[in-house]
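I opened this notebook to keep a record of what I looked up in the structure, entry by entry. The sheets come before the helices, and single residues come last.

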Amino acid sequence: MSIINPKTKWVKSWSEDGVAWIKLCHDNQLNPLSAGFILAIKEAAEKYDKDPNIGCIVLIGSEKAFAAGADLKEMVKHNYSSVLEARYIENGWLDIPKIQTPIIAGVKGYALGGGCELAMMCDFIIASEDAKFGQPEINIGAIPGAGGTQRLTKLIGKSKAMLAILTGDMISAVEAEKAGLVAKVFKNKEFDSSLKVLASKIASQSKPMAKLAKQAVNVAYETTLEEGIRSERALFYSTFSLQDHVEGMQAFIEKRKPKWKNK
Ligand code: CO8
């Protein structure tokens, strides 16, 4: 099997006040995704996931695109046996949803195909007014392969997902918010500052509590209500073992801000 090298030169990352920023910056501003690019994104996310000072990770793209999907100039070279052998949509793709730290997709411009799928792998999507989402694979003789048929259907329901996937048409930011694909739309001019405020708020929470909350919500997404309620209860009970649980309530009673120990 051929070894895939992470395209680290297309991923810029930095941290500020407990927030880690991972910026997709391919030479082509549309950020076409390839196996090596995804590996580099995954490596950056895993690095910050292990950093105890980081309470929120934000994935962003360029002004033109979060990512316009698979690099079609690379994908055209593949055939059935080569995608199987390369595990084309496994390395990296399967690791991003395993990140424990809250992770936001901040989408400006296009999030299409694999780009929309990557955004949906994050905990939620924040979009600028000009963002456009879609699964246009059908237009290029394919179908979504990195979770598009599954995650989009769970997020916006069967009818709207069928419409998007069978037509390949784009979904505007406003429509995406109405349908539940996007958590919030920020005005273009205020996008960067509003996203920063939001990410800082999440990063300022107790880190283990945020991870437990994220885990509990993800159970709802993946299993039955009965199993989810059982799992939530166990996770809720486990918060009683944390110092931050005591501190949170004590701070409320003493009418002061909590000082999280993240333990
Ligand atoms: N891959 C490679 N090159 C691309 C891609 C792409 N996905 N999208 C655009 N480009 C290139 C164009 O070929 C063009 O190059 P050049 O200047 O050399 O001609 C340049 O980027 C600019 O593109 P446009 O002129 O088309 O720019 P516009 O602003 O007019 O349009 C669009 C922007 C609407 C985004 C348009 O480029 C477009 O429709 N792109 C294709 C989108 C698409 O079909 N995406 C889905 C791909 S399939 C997929 O994502 C499956 C995921 C599987 C997992 C991935 C595994 C790694």
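**Entry 1, the six-stranded sheet.** I began with S2 and S3, which run parallel and are joined by 5 bridges; strands here are DSSP E runs of at least two residues and helices are H or I runs of at least four, both numbered from the N terminus, and two strands pair if DSSP finds at least two bridges between them. Across this pairing, Lys 23 stands opposite Ile 60 in S3. I note that this is a predicted model, in which local features need pLDDT of at least 70 and side-chain atom pairs count only at pLDDT 80 or more, while totals for chains, interfaces and linings use all residues. Residues are numbered from 1 along each chain as its sequence is written, and side-chain values use heavy atoms, with hydrogens and water left out.

On the other pairing of S2, I found S1 and S2 antiparallel over 6 bridges, with Val 19 in S2 as the bridge partner of Glu 16. The two strands form a hairpin with 2 residues between them, and Asp 17 in the turn has a positive phi of about 50°. I also looked up burial (buried means under 20% relative accessible area, exposed over 50%, partly exposed in between, with a 1.4 Å probe and protein chains only). In S2, 5 of the 6 residues are buried, so the strand is largely enclosed by the rest of the structure.

The whole sheet is open, has 6 strands in the order S1-S2-S3-S5-S7-S10, and shows mixed pairing. Strand S1 (11-16) and strand S10 (184-186) are at its edges with a single partner strand each, so one side of each has no neighbour in the sheet. Farther along the order, strand S5 (residues 103-107) and strand S7 (residues 124-128) are parallel over 4 bridges, and Ala 105 has Ile 125 in S7 as its bridge partner.

**Entry 2, the four-stranded sheet and H4.** I then turned to an open sheet of 4 strands, also of mixed pairing, with the order S4-S6-S8-S9. Its edge strands are S4 (65-67) and S9 (171-172), each of which pairs on one side only. S4 pairs with strand S6 (residues 110-112) in the parallel sense over 2 bridges, and Tyr 110 in S6 is the bridge partner of Ala 65. Helix H4 (residues 114-121) packs on this sheet and touches S4, S6 and strand S8 (132-134), its direction making about 95° with that of S6; contact means heavy atoms within 4.5 Å, and axes are lines fitted to C-alpha atoms, for helices over the stretch in contact, with angles from 0 to 180 degrees between N-to-C directions.

Is H4 buried or exposed? I found that 8 of the 8 residues of H4 are buried, so the helix is largely enclosed by the rest of the structure.

**Entry 3, the cores.** The largest nonpolar core (buried Ala, Val, Leu, Ile, Met, Phe, Trp, Tyr and Cys residues joined through side-chain atoms within 4.5 Å) has 46 residues, and among those with the most contacts inside it are Ile 41, Phe 66 and Leu 118. Helix H1 (residues 35-49) gives the most to this core, with 7 residues. Leaving aside neighbours within four places in sequence, I listed the contacts of Leu 118, which include Leu 24, Ile 41, Phe 66 and Trp 93. A second, separate core has 13 residues, including Val 58 and Ile 104.

**Entry 4, a helix pair.** Helix H9 (residues 207-222) and helix H10 (residues 225-239) pack at about 170° with their axes 9 Å apart. That makes H9 roughly antiparallel to H10, since angles under 35 degrees count as roughly parallel, over 145 as roughly antiparallel, 65 to 115 as roughly perpendicular and the rest as oblique.

**Entry 5, two single residues.** Ser 15 lies in strand S1 and counts as partly exposed at 44% relative accessibility. Glu 247, in helix H11 (residues 243-253), is buried, with a relative accessible area of 11%. Leaving aside neighbours within four places in sequence, Glu 247 is in contact with Arg 256, Lys 257, Pro 258, Lys 259 and Trp 260.
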